[in-house]
Amino acid sequence: MADESAGRRIPFAFLEDMHQRFVRTYGGAVLSALPYGMNDEFSRVLSQQMEYYSNDPNADRINRLKGEMSQVRNVMIENIDKVLERGDRLELLVDKTANMQGNTFRFRKQARRFKNTVWWRNVRLTVALIIILIIVAYIVTAFVCNGPTLPSCV
């Protein structure tokens, strides 16, 4: 006897298991046994198996397989979510890379302009220094040579 909630698979699986265990344990001794003679020995196995088939969800192979398939499905859903999330992050990374490439182009352009500006500043400064040195040398020479026309040095 079994509750209706157990369905038909579990009670018949229990009966098949008990039959196989009984035949495996006693074999041909069943033919010469007294009625209820093996009850003491086999009652423990019977109660253990009744407990197992009543409470353990692994007793029903179909339910166990459904549970395993559900776990596999959940793992696959998680993996798909991770792949989609990774795709979003890759897309964001591609966008940032394109942005950085544009920034690099602008930076090179500005650096070149700055380099040219500094170079021209250095050229003007060098020319100004040369002119100042020539003027200072002329003044010193004019002072030594007694006049701006350099009459005593010529």
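This passage describes the fold, the nonpolar core and the local features of a predicted protein model.

The predicted model contains three helices and zero strands, and, read from the N terminus, its elements follow one another in the order α-α-α. Helix H1 covers residues 9-26, whereas helix H2 covers residues 39-55 and helix H3 covers residues 61-144. The mean pLDDT of the protein is 83, with 82% of the residues reaching 70 or more. This confidence is distributed unevenly over the elements: the lowest mean, 73, belongs to helix H2, and the highest, 92, belongs to helix H3. Where pLDDT is low, the predicted coordinates should not be read in detail.

Of the 154 residues in the protein, 9% are buried. The accessible surface amounts to about 13900 Å², and carbon and sulfur atoms contribute 62% of that area. Among the contacts in the protein with a separation of 6 or more, 40% are accounted for by residues that stand 24 or more positions apart.

The largest nonpolar core consists of six residues, namely Ile-10, Phe-14, Met-18, Tyr-26, Phe-42 and Tyr-53. Helices H1 and H2 are the elements that give two or more residues to this core, and the largest share, four residues, is supplied by H1. Two members of the core illustrate how residues of distant sequence positions are brought together in the model. Ile-10, which is found in helix H1, has a relative accessible area of 19% and is therefore classed as buried, given that the limit for this class is under 20%. Although Ile-10 and Tyr-53 are 43 residues apart along the chain, their C-alpha atoms are separated by 6.8 Å. Phe-14, once its neighbours within four places in sequence are left aside, is in contact with Leu-46, Gln-49, Met-50 and Tyr-53. Tyr-53 thus appears both among the contacts of Phe-14 and among the six residues of the core.

A search of the whole structure for aromatic pairs returns one. This pair is formed by Trp-119 and Trp-120, whose arrangement is edge-to-face, with 4.8 Å from centre to centre and 80° between the planes. The assignment as edge-to-face follows because the angle of 80° falls in the range over 60 degrees that defines this class.

The count of disulfides likewise comes to one. Cys-145 and Cys-153 form this link, and their sulfur atoms are placed 1.3 Å apart in the model. The pair is counted because its separation of 1.3 Å satisfies the criterion of sulfur atoms within 2.5 Å. A torsion of -85° about the S-S bond makes the link of Cys-145 and Cys-153 left-handed. The two cysteines differ in exposure, since Cys-145 is buried, at a relative accessible area of 2%, whereas Cys-153 is partly exposed, at 45%.

Two residues in the segment after H3 have backbone angles that merit a separate mention. Asn-146, which is placed in this segment, has a positive phi of about 65° although it is not a glycine, and its relative accessibility of 61% means that Asn-146 counts as exposed. Leu-150 also lies in the segment after H3, and its phi, again in a residue other than glycine, is positive, with a value near 60°.

Notes: Residues are numbered from 1 along each chain as its sequence is written. This is a predicted model: local features need pLDDT of at least 70, side-chain atom pairs count only at pLDDT 80 or more; totals for chains, interfaces and linings use all residues. Side-chain values use heavy atoms; hydrogens and water are left out. Rings of Phe, Tyr and Trp (its six-membered ring) pair if their centres lie within 6.5 Å; planes under 30 degrees apart count as stacked, over 60 as edge-to-face and the rest as tilted. Buried means under 20% relative accessible area, exposed over 50%, partly exposed in between (1.4 Å probe, protein chains only). Contact means heavy atoms within 4.5 Å. Accessible areas come from the Shrake-Rupley method with a 1.4 Å probe; for residues, only the protein chains shown count as cover. pLDDT is the predictor's confidence in each residue, from 0 to 100. A nonpolar core is a set of buried Ala, Val, Leu, Ile, Met, Phe, Trp, Tyr and Cys residues joined through side-chain atoms within 4.5 Å.
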